[in-house]
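Subject: Structure handover

Hello,

Here is the structure for you to look through. Please open it first, then read my notes below.

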Amino acid sequence: MSSTLTSEVSDDDARRTQLRVGRLTKAHGLKGAIKLELFTDDPGRRFVPGAVFSLQVPTESPWHGKTLELAELRWYNSHPVGFFVGVSDRTAAEGLAKAILWIDQDDAESPDEEDAWYDHQLAGLAVVRDGVTVGQVARIEHFPAQDLIIVKTPNGEVMVPFVKAIVASVDIEAGVVTVTPPNGLFEELPEEPAEVAEADSAADGDSTKD
């Protein structure tokens, strides 16, 4: 599953969003090439020479606040590898490892990737498990490894990994996110009988040491 981060950019008075399309994983070779993890079903459209990406990197990174222009996308053993303007050696490529790539997209244009939504579409949706509402989507947090749905519940916020195994479906029209979380994600699990027995045994042992 994937989602997009909403931002407002002035462009002919049109509201625009940013769509997360990939992540740079590690340097490839000595000439500045970088392996890519793609978050788009249409790399032929998103990754064309001249495409410019906004970068999500730590604030201390020299790339923070900058953009990256694609020079060429190649495939090695069915794995995508990008060559970027201004990234000419392995050292520069290594400095971009784990950077997330975003592109601007018109807010009026629906995401064309399967299972892709804008953050603002998800915020406020009811979160349902086994037919029971357990909370409401507060926001989406984007991390290099995965996205998290932050769910507001009566007992506080719960971080739900935005993966198909846990987020079964998203129905924007119905206003519902259906989840199938593992036990314990939304509630505290009772102690196992064995654990209780071990605790009681330990307590009894302590009481006989006098």
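The notes below cover the cores, the salt bridges and one valine.

Keep in mind that this is a predicted model.

**Nonpolar cores**

Start with the largest nonpolar core, which has 22 residues. Which residues have the most contacts inside it? They are Leu24, Phe53, Leu68, Phe84, Leu96 and Leu101. Five elements are worth colouring here: strand 2 (16-28), strand 3 (33-38), strand 4 (52-56), strand 5 (67-76) and strand 7 (100-106) each give two or more residues to this core. Strand 2 supplies the largest share, 4 residues.

Now click on Leu101. Leaving out residues up to four places away in sequence, its contacts include Leu19, Val21, Leu24, Leu36, Phe53, Leu68 and Phe84. Polar or charged neighbours turn up too, including Arg20 and Ser54.

Another core lies apart from the one above. This second core has 18 residues, among them Ile149, Val158, Ile166 and Val170. As background, nonpolar side chains in soluble globular proteins tend to be buried together.

**Salt bridges**

How many salt bridges does the structure hold? The count is 6. Side chains of opposite charge can pair when their charged atoms come close. Here are three of the pairs.

- Glu37 and Arg23 meet at 2.9 Å, N to O. Glu37 is in strand 3 and Arg23 in strand 2, 14 residues apart. Arg23 is buried, because its relative accessible area of 16% is under 20%. Glu37 is partly exposed, at 30%.
- Glu94 pairs with Arg90, and their closest N and O atoms are 3.2 Å apart. Both sit in helix 2 (residues 90-94), 4 residues apart, so about one helical turn separates them. Glu94 has a relative accessible area of 45%, and Arg90 has 32%. Each counts as partly exposed.
- Glu157 and Arg139 meet at 3.0 Å, N to O. Glu157 lies in strand 12 (residues 156-161) and Arg139 in strand 10 (residues 132-142), so the pair ties together parts 18 residues apart in sequence. Glu157 is exposed, because its 51% relative accessibility is over 50%. Arg139 is partly exposed, at 35%. Shared partners join Arg139, Glu141 and Glu157 into one network.

**Val176**

Last, look at Val176 in strand 14 (residues 176-179). Is Val176 buried or partly exposed? Its relative accessibility is 23%, so Val176 counts as partly exposed. Val176 and Val127 are 49 residues apart in sequence, yet their C-alpha atoms are 6.0 Å apart in space. Beyond four places in sequence, Val176 touches Leu125, Ala126, Val128, Ser169, Val170 and Asp171.

Best wishes

Methods. Residues numbered from 1 in each chain as written. Predicted model: local features only at pLDDT ≥ 70, side-chain atom pairs only at ≥ 80, totals over all residues. Heavy atoms only, no water. Buried < 20%, exposed > 50% of the residue type's maximum accessible area, 1.4 Å probe, protein only. Contact = heavy atoms within 4.5 Å. Core = buried A, V, L, I, M, F, W, Y, C linked by side-chain atoms within 4.5 Å. Salt bridge = Lys/Arg side-chain N within 4 Å of Asp/Glu carboxyl O.
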